[in-house]
Amino acid sequence: MDDERWARWPEPWAGTDADMRTVVGAISREVRDGFKYDEVPWQRFPHFYGSGEEVPGRLATLASADAEAAGRALGDLWEHLHHQGSTIAVGALAVPFLLRIAATGHSGLGADTLRLVAEIGRCQHFGDGTREGLLQVTEDPLEAEGTTMCPTNWTIQAARDAITDDLHLLFPLLPDPDPDVRSATAFVLAAATSEIARVSSTLHHRLAVEDDPVVRVSLILSIAQLAREHQDENAPSWARELWSDPGRSPEIRIGAGLAWLCLVDDPAPDELQALLTDPSTDQYSDLFQRVPWIRPVDYYGNGLRRCIHEMLTLDVPGQHDGPPPF
């Protein structure tokens with residue numbers, strides 16, 4: 001590759017077969033719905049441990065009726081497509097198929113499958129519980145995958161566009177009987193790139209009737225993530241109304257407090273500081289550890305405490321480290 005082209009990286013690759021946004025966008029609905037893996041160029045994109053040609057076989061096993069084999073396949077997919085929290089290009093190719101497998105729900109692995117989809121569609125988050133980082137989606141524009149030199153942001157964008165193309169699969173999962181599926185669905189929907197008003201409205205309507213505390217927090221953070229990225233000027237007042245209302249349940253107030261801190265640059269009011277630092281808040285640590293955004297902040301069980309500390313302490317950088325997520 002000539003030096004001049006490298007000097008202009010990544011612009012010369014945009015729209016080519018090295019641009020994951022273009023590659024994923026070319027996968028037709030017929031191919032996705034029919035699980036026609038042989039029409040997808042897996043071989044051009046390695047995973048973290050080998051050839052992308054291995055991915056379709058694991059997807060097929062995940063979709064099989066063999067629960068034990070499906071569980072192993074999902075573990076392999078986590079390791080190969082999202083190793084140590086990093087997104088790799090071939091992961092975006094898997095997103096349309098992972099969504100369809102999750103939507104069937106027969107394997108009992110729907111929640112973890114959805115969570116993998118959401119993690120492929122966001123930047124690396126280990127240890128980042130800051131106001132700037134918790135709901136962050138995009139990666140440094142110059143960050144690239146070493147094997148294909150595809151910018152990581154292009155892969156994230158491709159995954160998010162695939163999620164948006166399949167909103168029709170996700171909305172029916174919000175009232176799923178399994179609260180873990182509902183929570184994970186909110187996590188995925190936060191990555192939508194268009195139809196934001198529709199997605200946000202659907203999440204708000206679900207929050208109004210949701211009775212599971214973990215799902216409630218997930219819905220609040222999903223709404224806030226969309227609002228933060230798409231600059232919804234009404235979101236901060238909505239979040240403040242929730243956390244400042246003593247009639248609301250504690251998990252709603254705490255979750256909305258974290259959301260509000262991520263939506264604004266203002267110092268935390270004394271009332272919010274008192275809520276988040278009250279010793280009684282610690283009793284909700286286990287509950288918040290089941291919220292998809294919070295778990296990666298500290299896999300050892302203190303995600304809520306770490307978020308509160310980092311959000312209420314000025315100039316505390318997130319530490320991007322931690323064990324694998326699955």
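This passage goes through the overall make-up of the chain, one enclosed helix, and three single residues.

The model is predicted, and it is a helical affair: the chain has 17 helices and zero strands. Buried residues account for 56% of its 326 residues. As for the outside, the accessible surface adds up to about 13,800 Å², and carbon and sulfur atoms hold 48% of that. Long-range pairing is well represented too. Of the contacts with a separation of 6 or more, 68% are between residues 24 or more positions apart.

Helix H7 makes a good place to look inside. This helix covers residues 110–120, and ten of its eleven residues are buried, so H7 is largely enclosed by the rest of the structure. The buried set runs through Gly-110, Ala-111, Thr-113, Leu-114, Arg-115, Leu-116, Val-117, Ala-118, Glu-119 and Ile-120. Arg-115 and Glu-119 are thus on the buried list along with Leu-114, Leu-116 and Val-117. And what does the covering of these buried residues include? On one side of H7 in sequence, the cover includes helix H4 (55–62), helix H5 (67–81) and helix H6 (89–104). Helix H8 (152–165), helix H9 (167–170) and helix H10 (179–189) also contribute.

Further along the chain, Ser-285 sits in helix H16, which spans residues 285–289. Is this serine buried or exposed? Its relative accessible area is 9%, and with the cut-off for buried set at under 20%, Ser-285 counts as buried. Leaving aside residues up to four places away in sequence, Ser-285 touches Gly-301 and Leu-304.

Then there is the backbone. Most residues other than glycine have a negative phi, which makes a couple of loop residues worth a look. Phe-35 is one of them: its phi is positive, near 50°, and it is not a glycine. This residue belongs to the loop between helix H3 (29–33) and H4. With a relative accessible area of 30%, Phe-35 is partly exposed.

Gln-231 is another non-glycine residue with a positive phi, in this case about 55°. Its loop lies between helix H12 (213–229) and helix H13 (235–243). How does Gln-231 fare for exposure, buried or exposed? The relative accessible area comes to 70%, and anything over 50% counts as exposed, so Gln-231 is exposed.

Notes
Residues are numbered from 1 along each chain as its sequence is written. This is a predicted model: local features need pLDDT of at least 70, side-chain atom pairs count only at pLDDT 80 or more; totals for chains, interfaces and linings use all residues. Side-chain values use heavy atoms; hydrogens and water are left out. Buried means under 20% relative accessible area, exposed over 50%, partly exposed in between (1.4 Å probe, protein chains only). Helices (H or I, at least four residues) and strands (E, at least two) are DSSP runs, numbered from the N terminus. Contact means heavy atoms within 4.5 Å. Accessible areas come from the Shrake-Rupley method with a 1.4 Å probe; for residues, only the protein chains shown count as cover.
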